[in-house]
Amino acid sequence: MEDIILKTTDLTKKYNNKAVVDNLNIEIRRGEIFGLLGPNGAGKTTIINFWGTWCTPCVNELPYFDQIASEYKDDVTVIAIHSSMSSETASGYIKDHYPESDIIFATDDAKDDNPLSGACYELLGGRGAYPYTVVLDENGIITDIFVSSVEYQDLKDVVEKQLSN
């Protein structure tokens, strides 16, 4: 049986009431290379934040990612990937605190029964510390990594640097 490392079920994402992703159902297995590219997805800075509801610093910094996602929604994609540890709490937390967010939320699957070693997390250099944030430029190249909590100004500085290049 192949390991599924990322799965979406009926994923819908809207911007200004326009569906940009509509009922997307995919499964990505360990070892597969998979890309999604839409007409507005190419050439954007992407911020990927690995977090968990069980991680107080993660929960504390999530509003900063939400603010960046809102302020820079035409130029930046923000993805928040919850660890598999206590992942059942993520959906309710997101619905309660971020129902209209521009953040794309996902869940990483545990690797080797270790909830802190998700496949996506490890693929992007994560090694057991949360929160963990990776910034990719418009070409998909990693330009910045934060191995601890970030403040709003840290994120804004990185985004402004990306947009000025």
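Two strands are taken to pair if DSSP finds at least two bridges between them. In this predicted model, strand S4 (residues 76-82) and strand S5 (residues 104-107) run parallel and are joined by four bridges. His82 has Thr107 of S5 as its bridge partner. Helix H2 (residues 90-97) belongs with S4 and S5 to a β-α-β unit, which is right-handed.

The protein chain contains seven strands and four helices. Read from the N terminus, the order of the elements is β-β-β-α-β-α-β-α-β-β-α. Of the 165 residues in the protein chain, 39% are buried. Among contacts with a separation of 6 or more in the protein chain, 62% are between residues 24 or more positions apart. The area exposed by the protein chain is about 9300 Å², of which carbon and sulfur atoms supply 49%.

Strand S3 has pairing partners in S4 and in S6. With S4, S3 pairs in the parallel sense, over seven bridges. In this pairing Phe50 stands opposite Ile81 of S4. The connection from S3 to S4 passes through helix H1 (residues 56-71), and this β-α-β crossover is right-handed. A right-handed β-α-β unit is likewise made by S4, H2 and S5. With S6, S3 pairs in the antiparallel sense, over five bridges. Here Ile47 stands opposite Val135 of S6.

The cover of S3 was examined by residue. Seven of the seven residues in S3 are buried, and the strand is described as mostly covered. Cover is found on both faces: one side carries Thr45, Ile47, Asn49 and Trp51, the other Thr46, Ile48 and Phe50, and all of these are buried. Thr46 is placed in S3, which spans residues 45-51. Thr46 counts as buried because its relative accessibility is 18%, and the cut-off for buried is under 20%. Apart from neighbours within four places in sequence, the contacts of Thr46 are Thr77, Ile79, Val134, Val135 and Leu136.

Charged pairs were also searched for. Side chains of opposite charge can pair when their charged atoms come close. The search of the whole structure gives two salt bridges. One of them is formed by Lys7 and Glu27, with 3.7 Å between the closest N and O atoms. Lys7 belongs to strand S1 (residues 4-15) and Glu27 to strand S2 (residues 18-29), so this pair ties together parts that are 20 residues apart in sequence. Glu27 has a relative accessible area of 30% and is therefore partly exposed.

Lys161 and Asp144 also form a salt bridge, and their closest N and O atoms are 3.3 Å apart. Because Lys161 lies in helix H4 (residues 152-164) and Asp144 in strand S7, the pair ties together parts that are 17 residues apart in sequence. Lys161 has a relative accessibility of 39% and so counts as partly exposed. Asp144, by contrast, counts as buried, with a relative accessibility of 16%.

Strand S7, which spans residues 142-146, also holds Ile145. Ile145 has a relative accessibility of 44% and therefore counts as partly exposed. Together with Ile142 and Val147, Ile145 makes a nonpolar surface patch of about 250 Å².

Two backbone features were noted. The peptide bond from Tyr130 to Pro131 is cis, and its omega is near -5°. Pro131 is placed in the loop between helix H3 (119-123) and strand S6 (132-136). Asp10, although not a glycine, has a positive phi of about 50°. Asp10 is placed in S1, the strand that also holds Lys7 of the salt bridge with Glu27. With a relative accessibility of 47%, Asp10 counts as partly exposed.

Key
Residues are numbered from 1 along each chain as its sequence is written. This is a predicted model: local features need pLDDT of at least 70, side-chain atom pairs count only at pLDDT 80 or more; totals for chains, interfaces and linings use all residues. Side-chain values use heavy atoms; hydrogens and water are left out. Helices (H or I, at least four residues) and strands (E, at least two) are DSSP runs, numbered from the N terminus. A crossover is right-handed if, with the strands pointing away from the viewer, the path from the first strand over the helix to the second runs clockwise. Patches are made of residues with over 30% relative accessible area and no salt bridge: like charges are joined within 9 Å, nonpolar side chains (Val, Leu, Ile, Met, Phe, Trp, Tyr) within 5 Å. Accessible areas come from the Shrake-Rupley method with a 1.4 Å probe; for residues, only the protein chains shown count as cover. A salt bridge is a side-chain nitrogen of Lys or Arg within 4 Å of a carboxyl oxygen of Asp or Glu. Buried means under 20% relative accessible area, exposed over 50%, partly exposed in between (1.4 Å probe, protein chains only). Contact means heavy atoms within 4.5 Å.
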